[in-house]
Amino acid sequence: MIYAYRPLTLLALCALTATAPQARPAPPLSGTAAVQWSPNRERLTYQDLAPPPVRLTHYEQQSYGAVTLKESHALVLGNDRSVTETVVRARLYLTSSAIADSGNGSVWLDNHSQRLTLQAAYVLQPDGTRIEADPATLQVKDDNTSNVFNDYQLLSLPFPQLKPGSIAVLAYTLRTDRKASPLPWSRLLYPASFEPIEQFQAQVSWQTAQLKPVWRSDFPALTCQEQANSVSCRTSEAIPPIPTDPDMPSAYDLMRPLVVAEPTSWAAIANTLQTLTASALAGNAQIKTLATQLADGSSDPTQIMYRLANFVARDIRYVGIEHGRNSVVPRPTLTTLAQRFGDCKDKTMLFVDLAKQVGLDAYPVLVASSRHALDKLLLPASAYFDHLIACVKLSPERESCIDLTDPYTAPESLPQSLQGAIRLTLGRGSTAPTTLATEAYTWQGTFIGNNQLNADGNVVETLQRRYDSHWGANLRATLSGKNQTERDRWLLDDFQGIMGQKTTPSLSLQDLDNPAASLLINSSTTYPKVFNPAELETYTEPEGWLARFSQGFKSRNSHYPYTFKGFKYQSDFTYKLSAKTVNNLGPALAYDSPWGSLHRHYQNQPDSITVHTELTMPRADIPLDKLPAFNRFLDLVSEGSRISFSVKAVK
C-alpha cells in the first residue's frame with residue numbers, strides 16, 4: 001500500500017500533515033468536501049524510476065515483496081499560517097502477494113483542518129504503458145476506531161492492472177490550516193520504514209524569516225542543507241527495511257524521523273496544555289457533592305483515590321467525541337458527568353476535578369504511550385503524545401498515576417503497556433519529558449493445590465490460582481466481556497490446555513469485578529487412574545503451570561534486546577497419602593542466574609508432603625548476546641518443574 005502515516009489519535013495531539021497550494025480549483029469528490037481530484041502533475045516514466053538490474057537482483061535475493069523507489073515531501077509554510085505539503089510516492093511491486101496485500105494507494109487526512117488534492121495516481125508497466133487510476137473507484141472512509149468519533153478519514157483507491165514489475169505512483173497535496181489547532185505545529189517524516197526505500201527527500205521552505213521552523217534528524221543516512229528560506233534533506237544511499245523481531249521495541253523507538261516543528265519549548269507545551277485542560281474543570285457544588293459521596297467519609301488519601309478512580313474508570317464509559325478543537329481540548333467535566341461518557345482527556349479531567357474537591361493533589365499528565373526512548377524526542381513537539389492520565393501526589397515522596405480508561409487495573413498500578421512510557425506533566429513547573437515508573441514484576445501468581453492420592457489410584461485436586469497485578473488485570477479484561485457460557489468455555493480451555501483433557505474440572509471465579517483484589521480461579525477435579533497403588537514407589541508429576549508459563553517468556557529476537565517485564569511465581573502443592581507414607585523427599589532446587597532464581601524445597605508431615613516453589617525473575621533488558629543464556633535458564637526452570645518423591649507402605 002502506498003500510504004501516509006496516520007497521526008496518533010487517542011488524545012489527538014497529532015502532527016498536522018501539510019502540503020502545497022492548488023494550482024487551480026477542482027471539484028470535490030463524493031464522500032467529502034475535503035478531497036479534490038486535480039490531475040495536473042507531470043507524469044513520470046518507467047525509465048525515470050526503474051532500478052538498475054543489480055538492484056533488482058538484490059531485491060530478489062532479499063525476497064522483498066515491494067520497494068518504495070521514490071518518496072518526496074515538499075512543505076511550504078505560508079504567511080496565512082497554512083502548511084502545504086506535496087507528496088510523491090512511487091512503489092515497485094515484485095510479487096503477486098504484495099499486490100494482493102497492498103495494491104492500493106491511501107492517505108489519511110483530518111477534514112477539520114486539512115484539504116487534500118490528488119494530483120496523480122497511475123501505474124507504469126515495464127513496456128512503457130501508463131494506466132491512469134479511475135477517480136470513480138476512489139473511496140473515502142471515516143475512521144472506524146471503536147467508540148471514537150473524529151474528523152479523520154482514510155482516502156483509498158486501487159491501482160489498476162498491477163502485476164510483478166509494475167510501478168504505482170501517487171502524488172497529492174495536503175493543505176493544513178495551522179490556526180485550527182491551539183498547539184504548535186510539527187511534522188515527523190520517516191526516511192526509513194519497514195519496507196525498503198531507494199530514495200527519500202524532503203524540502204521545507206518558509207515565506208518569511210518569522211515562519212522559520214526548527215528541524216532535526218538523528219538518521220545518519222539523511223543529509224540536510226539549510227539555505228536562507230529552506231532546508232533540503234535527502235538520503236545518501238538506499239535504505240533497507242527496519243528489521244523486525246517477535247519481541248521488538250516499539251516502532252516509534254526504532255524509526256529515526258526528520259522532525260520539523262514550530263519553535264517552542266517543553267515548558268511552553270506543558271503550560272499551554274495545562275491551560276487548555278484546566279478550562280474543563282467545573283469545581284462547583286455538584287462536583288464537590290459527588291466527590292464527597294464517593295469518598296464516603298474516608299480520611300485515607302489512598303482509599304479516596306481508589307474510590308474516585310473506580311467511579312470514573314468503571315461508571316464513565318469510554319467514548320471519544322473528538323471533532324475540531326475537541327481533538328485536543330477536553331469537554332467540561334459537568335458535560336462528561338451528565339453524558340456518562342468521555343475519552344481519556346474527559347475522564348482524566350473529571351477525576352482531577354473530583355479529586356481536587358476532596359483535597360487530593362491531582363493533575364493531568366501527557367503520555368506518549370508507544371514511546372520509551374527519551375533520546376528519540378529530538379525537538380519539543382506535542383506530536384509525540386497520544387494519551388492523558390492523572391497523577392496524584394499522595395506525599396512529597398509518593399506519586400500514584402492512574403489510567404482512567406482502564407477499569408481492570410488497580411488505581412495505584414498503571415497498565416503494564418504504559419510502564420516506562422514517556423510522560424510530560426502539565427504545568428507544575430514541568431520543563432522536560434521524563435518516563436513513567438516501572439514495576440519489577442508484571443506477571444505475579446500464587447498457586448495453592450491440595451492433592452489427595454487415593455487408594456484406588458485416583459488423584460483428587462483442589463487448586464486456587466491467584467493472579468495479581470497486571471496478570472489479574474489482563475485476565476479481567478479478557479473475561480469481563482464474556483457471558484457466562486463463554487466464560488466457562490474459556491476457563492475450561494485454559495485449564496485443559498495445561499493439565500490435559502482427561503478430566504473436566506469444576507471451575508469458579510472470585511473478585512472478577514474488584515481490580516484492587518487478586519483475581520482467583522478455583523478448581524476441583526479428579527484425575528482417574530494416575531498410578532497403580534500396588535506398584536507405587538515413586539510419585540512424579542510436572543508442575544505444568546510453571547513449565548508452561550516459563551516457556552512463554554522465552555524470546556526469539558535476533559536484532560534487538562528483549563525487554564522482559566518480570567515474572568514472579570509461587571506455589572504450594574500438598575499431597576496427602578492413603579496407606580502410604582513418604583520414604584524420601586524430592587531434590588531441593590536452587591537455580592540462580594543473572595535474570596532470577598528458582599528455589600524449591602519439600603516439607604514432610606506425618607501423612608502428607610508439601611512442595612514449596614518460588615521463581616523470581618525481575619524486569620530486565622536482556623542484551624542480544626545474552627538471550628541464549630536467558631532462554632536456557634527458562635528451559636532449566638521448565639525441566640526443573642517436575643515434582644518427585646518416593647513413598648512406602650504404612651507398616
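This is a chat about a few local features of a predicted model.

Student: Let's start with S102. Where does S102 sit?

Tutor: S102 belongs to helix α3, which covers residues 96–102.

Student: Is S102 buried or exposed, and why?

Tutor: Buried, because its relative accessible area is 11% and the cut-off for buried is under 20%.

Student: And how far apart are S102 and P164?

Tutor: In sequence, 62 residues separate S102 and P164. In space, their C-alpha atoms are 13 Å apart.

Student: Switching to aromatics. How many aromatic pairs does a search of the whole structure find?

Tutor: The search gives 25 aromatic pairs. One of them is W471 with F549, and that pair is edge-to-face because the planes are at 75°, where anything over 60 degrees falls in that class. The ring centres of W471 and F549 are 4.8 Å apart.

Student: Which parts of the chain does that pair link?

Tutor: Distant ones: W471 is in helix α9 (residues 469–480) and F549 is in helix α11 (residues 544–552), with the two positions 78 residues apart.

Student: Are those two residues buried or exposed?

Tutor: W471 is buried at a relative accessible area of 12%, and F549 is buried too, at 15%.

Student: What about F567 and Y569, and why does that pair get its label?

Tutor: The F567–Y569 pair is tilted, because the ring planes are at 40°, and that value is neither under 30 nor over 60 degrees. The centres of the two rings are 6.2 Å apart. As for burial, F567 has a relative accessible area of 0%, and Y569 also counts as buried at 0%.

Student: Which residue lies over the face of Y363?

Tutor: That's R428, at 3.8 Å from the ring centre of Y363.

Student: OK, sheets now. What is the strand order in the open sheet of three strands?

Tutor: The order is β29-β37-β32, and the pairing is antiparallel.

Student: Which strands stand at the edges, and why is one side of each left without a neighbour?

Tutor: β29 (538–542) and β32 (580–584) are the edge strands. Each has a single partner strand, so one side of each has no neighbour in the sheet.

Student: How much are neighbouring strands turned against each other?

Tutor: By 40° on average, with direction ignored.

Student: Over how many bridges do β29 and β37 pair?

Tutor: Five bridges, in the antiparallel sense, with β37 covering residues 642–649.

Student: And which residue in β37 stands opposite P542?

Tutor: R642 is the one opposite P542.

Notes. Residues numbered from 1 in each chain as written. Predicted model: local features only at pLDDT ≥ 70, side-chain atom pairs only at ≥ 80, totals over all residues. Heavy atoms only, no water. Helix = DSSP H or I, 4+ residues; strand = E, 2+ residues; numbered from the N terminus. Buried < 20%, exposed > 50% of the residue type's maximum accessible area, 1.4 Å probe, protein only. Phe/Tyr/Trp six-rings, centres within 6.5 Å; stacked < 30°, edge-to-face > 60°. Lys NZ or Arg CZ within 6 Å of the ring centre and 35° of its normal. Pairing = 2+ DSSP bridges. Axes fitted to C-alpha atoms, helices over the stretch in contact; angles between N-to-C directions.
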